[in-house]
Amino acid sequence: MIRTNDHFHGLRAITKYHSKLLALVLSLLPMGSLWAAEQDIKNRGEYLAHLGDCVACHSAPNGRKFTGGLPFATPFGVLYSTNITSDKETGIGHYSYEDFYDAMHLGKSPKGNLYPAMPYTSYHLLTDEDTKALYEYFMNTTPIKQKNKPNDVSFPFNIRFGLKAWNAISHEDGQFQSQSNKSDAWNRGKYIVDALGHCGECHTPRTNTFAMNPQQYFQGAVIEGYEASNITPEELNRQNWTHDDLATLFRTGYSRKGTVFAGMYPVVYHSFSYLTEEDMRSVSTYLLDNDADITEKPLTFKGHDKQHPGYKLYMGYCAGCHGQDGEGKPNVSPAMMGNATLDRASPYNAIAVLLKGVPSQHYSIASGFYKMPGYEKTLTTEEIRTLTEYLRSTFTEQTKKVSVKDVQQVREGFDALPAH
């Protein structure tokens with residue numbers, strides 16, 4: 001007679017050919033329920049890792065998944081993300097659950113304090129259940145031996161002991177608390193956005209100590225030369241974002257309000273595009289602060305003012321891709337009509353995109369956009385100013401004039417970024 005344990009190990013030998021059959025058979029064996037529970041928590045951890053944007057931050061361009069090396073430009077120098085594979089020498093495979101919890105919630109690793117570029121200041125909101133699921137997932141990732149790249153941070157910020165004082169002033173651990181006057185969907189969305197998505201880390205201005213300013217939550221901040229947009233409900237509703245607009249943007253990187261670029265591209269590609277339908281609706285419910293459907297309004301196009309000096313610039317540099325009337329072209333370029341990058345109080349990002357352009361972006365075989373060239377060496381500061389002002393006055397309701405100083409500020413922001 002074949003013993004149960006022998007039967008169990010024999011079945012494991014055929015997993016690469018019959019994994020689905022194996023799962024079914026194992027579920028019928030005495031150890032099946034334990035195996036199924038372990039798989040469930042690992043699968044949950046993988047989903048949470050997607051929502052936490054772990055791949056985007058811990059994978060260098062053309063690098064292997066989770067092996068780190070992605071540079072982050074800060075006012076103090078360049079930080080590099082670390083190897084978080086299960087390798088016990090160069091990754092986090094030697095972490096106990098307590099080590100992992102401390103890193104995620106307190107910013108403490110076995111080797112010392114972590115820089116808050118690792119967003120433990122948001123991850124601390126994670127529940128114990130989700131923290132454990134993430135731990136199980138990462139302990140079962142493929143171990144890849146790759147040493148971490150040393151940071152290039154100036155003195156005295158390269159002394160990690162000082163982070164203890166920063167944490168004492170700027171960080172307090174505490175799990176997510178639901179708001180009883182809001183719906184379950186709204187609370188779920190807040191949990192995803194504030195904890196896992198750590199959206200406030202980029203979209204919130206910083207205080208003098210470089211902590212997130214709770215008084216300006218989600219009001220936008222400049223990150224590596226671009227402005228992470230104001231994503232408060234007031235601003236999103238003013239621009240007439242709908243639940244479908246946000247779902248389309250987070251699923252494909254593009255909506256009728258425009259496309260993501262800069263740091264939001266990898267966030268959508270590696271993270272928010274994995275949201276389930278239910279979680280996607282929860283996220284939009286929280287961001288819009290509205291459970292109900294929202295009526296879509298026509299996109300703005302006021303007609304061309306052929307007497308404006310920006311008209312010739314638009315026809316010469318923009319219309320070929322974005323359309324004569326700013327209607328855009330599928331899989332070529334986004335529309336200008338009602339474009340959210342243009343329709344903002346600040347012209348910062350509109351100027352930044354004109355100066356630096358946007359790399360080609362692809363989400364699937366059927367969805368993507370061509371590269372937009374930058375015009376920092378082609379157009380003068382005055383021409384950039386004129387074109388930005390024309391785009392905003394033609395395709396949005398923004399009436400504020402754009403100044404030469406606005407353009408110079410964006411140029412200086414890019415020039416101040418540390419080399420890496």
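Colleague: In this predicted model, is asparagine 62 buried or exposed?
Modeller: Let's start with where asparagine 62 sits: in the loop between α4 (54-57) and β1 (71-74). Its relative accessible area is 87%, and the cut-off for that class is over 50%. So asparagine 62 counts as exposed.

Colleague: What is the phi of asparagine 62?
Modeller: Most residues other than glycine have a negative phi. Asparagine 62 isn't a glycine, yet its phi is positive. The value is about 65°.

Colleague: And where does alanine 262 lie?
Modeller: Alanine 262 is another non-glycine residue with a positive phi, near 55°. With a relative accessible area of 33%, alanine 262 is partly exposed. Its place is in the loop between β9 (258-259) and α13 (264-270).

Colleague: Okay, pockets now. Which residues are the closest to the centre of the second largest pocket?
Modeller: That pocket has a volume of about 920 Å³. Its lining is made up of 40 residues. The closest to the centre are His58, Thr82, Ile84, Tyr95 and Leu114.

Colleague: Which element gives the largest share of that lining?
Modeller: The elements that give two or more residues are α4, β2 (77-80), α5 (97-106), β4 (112-113) and α7 (128-138). The largest share is three residues, and it comes from α5.

Colleague: How many residues in the lining of the second largest pocket are nonpolar?
Modeller: Let's go class by class. The lining has five charged residues and 14 polar ones. The nonpolar count is 21.

Note on methods: Residues numbered from 1 in each chain as written. Predicted model: local features only at pLDDT ≥ 70, side-chain atom pairs only at ≥ 80, totals over all residues. Heavy atoms only, no water. Helix = DSSP H or I, 4+ residues; strand = E, 2+ residues; numbered from the N terminus. Buried < 20%, exposed > 50% of the residue type's maximum accessible area, 1.4 Å probe, protein only. 1 Å grid on protein atoms, 1.4 Å probe; cavity = no way out; pocket = protein on both sides within 12 Å on 5 of 7 lines; lining within 4 Å. Points joined across faces, edges and corners; volume = space filled by probe spheres on them. Nonpolar A, V, L, I, M, F, W, Y, C, P; charged D, E, K, R; others polar.
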